[in-house]
Amino acid sequence: DKHILDRLIVNLYTSLFMQRYNEQLLIDEIQYAPGLLPLIKMRVDENRQPDMFWLTGSQKFHLMKGISESLAGRVAVLELFGLTLREMNQQGQNSSCFLPSNEFLSIGELSRISIFERIWRGSLPEIALRPELNWEMFYNSYLQTYLKRDINDLVHISNEMAFNRFLKATAARTASLLNLSDLARDADIAVNTAKNWLSLLITTGICFLLQPYYSNLTKRFVKSPKLYFMDTGLAAFLTGWSSSTTLESGAMAGQFFETWVVGEIYKSFTNVGLEPPIYFFRNKYKKEIDLLILRDGKLYPDEIKMTASPGKKDLRNFHLLQNLNKPRGEGAVICLVNDILPLSDMDKAFPVSVL
């Protein structure tokens, strides 16, 4: 039987490959070679040494399916998104989870213009590190590749025009409360379709949902999550901002600034293998705290402001944490100041350059 013979040949070459490369080995796009995973499992079980294999892949769903089936308990998983500011500044060795009270400090000179250049350009390594690349051509090609590879490997999109409308409508809502009905209306699709497609964007790492922090002891807290694009460059492309200058002076500047800051903090946790313990707070009176970090039983409040002149007014909602039955840690206003500035006994203004 030709099928059986082909399978035997594949197994033989796979086994020979593993025998030849018996030192530390990095295998890229491992989801396309699932036959290697049982052999990797055998090798790991024979020689329980760390760092024997580094496995990378760009399709999260298929990769994790194979890993969980073959290497459960034998592998550490890091979900890597775009480059952080520290990585682009070659400060990756100093990576730690962001807290406004920790040693997450390495302040450099970073002007408002350069911040928006980074926000507009995006964090995907190819475009972030190669300024000579055409920005519009890169994201147009990325979008087509994403549609044809990652999405269609999970579910067939029969109407690409509708999906493109959905992507643009979703990008326009970054840093906003999620309202599926409004999103579906603007994309001219059914609500169930919008729900399914949003799930695809989250599964493939294009978006993430920031959940509200609330207690079962009270019913005052909004339960709708906030939607964020993971890569601000892709969001800028989808929403039609052709330069960092137009983005900085445009109506969505605050949304993009918040999206970028939340994304940097989110990645500070995922880069060390932790689920980001971050939330936002908003009560029925629409009083909001942009970000809460829950760490060691304490809540650390953060406001994100596109200003170079922060003041105590920016701390006005921090007192709402008194009703949450959790000790409150130091707080921060993350903004465009050049140095760390005290705003109260527990709170400071942090420049975005510390991220």
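## Salt bridges

A salt bridge here is a side-chain nitrogen of Lys or Arg within 4 Å of a carboxyl oxygen of Asp or Glu. The side chains of D314 and K313 meet this criterion, with N and O 3.9 Å apart. D314 is buried, because its relative accessibility of 8% falls under the 20% cut-off. The structure is a predicted model, and a search through the whole of it finds twelve salt bridges.

Another of these pairs is R185 with D186, at an N to O distance of 3.3 Å. R185 is exposed, at 54% relative accessibility, while D186 is partly exposed, at 41%. Through shared partners, salt bridges link R173, D182, R185 and D186 into one network. E132 and R130 also form a salt bridge, and their closest N and O atoms lie 2.9 Å apart. In this pair E132 is exposed, with a relative accessibility of 57%, and R130 is partly exposed, with a relative accessible area of 34%.

## The three-stranded sheet

One open sheet contains three strands in the order β3-β5-β4, and the pairing is antiparallel. Its edge strands are β3, residues 176-177, and β4, residues 207-210, each of which pairs on one side only.

The pairing of β3 with β5 (residues 226-229) is antiparallel and runs over two bridges. Within this pairing, S176 of β3 stands opposite L227 of β5. At the other edge, C207 belongs to the span of β4; this cysteine is buried, with a relative accessible area of 3%.

## Strand β9 and its neighbours

Strand β9 covers residues 331-335, and five of its five residues are buried, so the rest of the structure largely encloses this strand. Both of its faces are covered. On one side the buried residues are G331, V333 and C335, and on the other they are A332 and I334.

Strand β9 has parallel pairings with two strands described here. With β8 (residues 298-304), the pairing is parallel over three bridges, and I304 stands opposite I334 of β9. With β11 (residues 347-351), the pairing is also parallel and extends over five bridges. There, C335 of β9 stands opposite P351 of β11.

## Cysteines

A disulfide is a covalent bond between the sulfur atoms of two cysteines. The structure holds zero disulfides. Two of its cysteines have already appeared in the strands above. C335 is buried, at a relative accessible area of 0%, and C207 is buried as well, at 3%.

## Packing of helices α7 and α10

Helix α7 spans residues 135-154 and helix α10 spans residues 191-203. Their axes come within 11 Å and cross at roughly 110°. Helix α7 is therefore roughly perpendicular to α10, because the crossing angle falls in the range of 65 to 115 degrees.

Contacts between the two helices involve residues from each. Y146, I151 and L154 are the α7 residues that meet L200, L201 and T203 in α10.

Terms used. Residues numbered from 1 in each chain as written. Predicted model: local features only at pLDDT ≥ 70, side-chain atom pairs only at ≥ 80, totals over all residues. Heavy atoms only, no water. Pairing = 2+ DSSP bridges. Helix = DSSP H or I, 4+ residues; strand = E, 2+ residues; numbered from the N terminus. Buried < 20%, exposed > 50% of the residue type's maximum accessible area, 1.4 Å probe, protein only. Disulfide = S-S within 2.5 Å. Axes fitted to C-alpha atoms, helices over the stretch in contact; angles between N-to-C directions. Parallel < 35°, antiparallel > 145°, perpendicular 65-115°, else oblique. Contact = heavy atoms within 4.5 Å.
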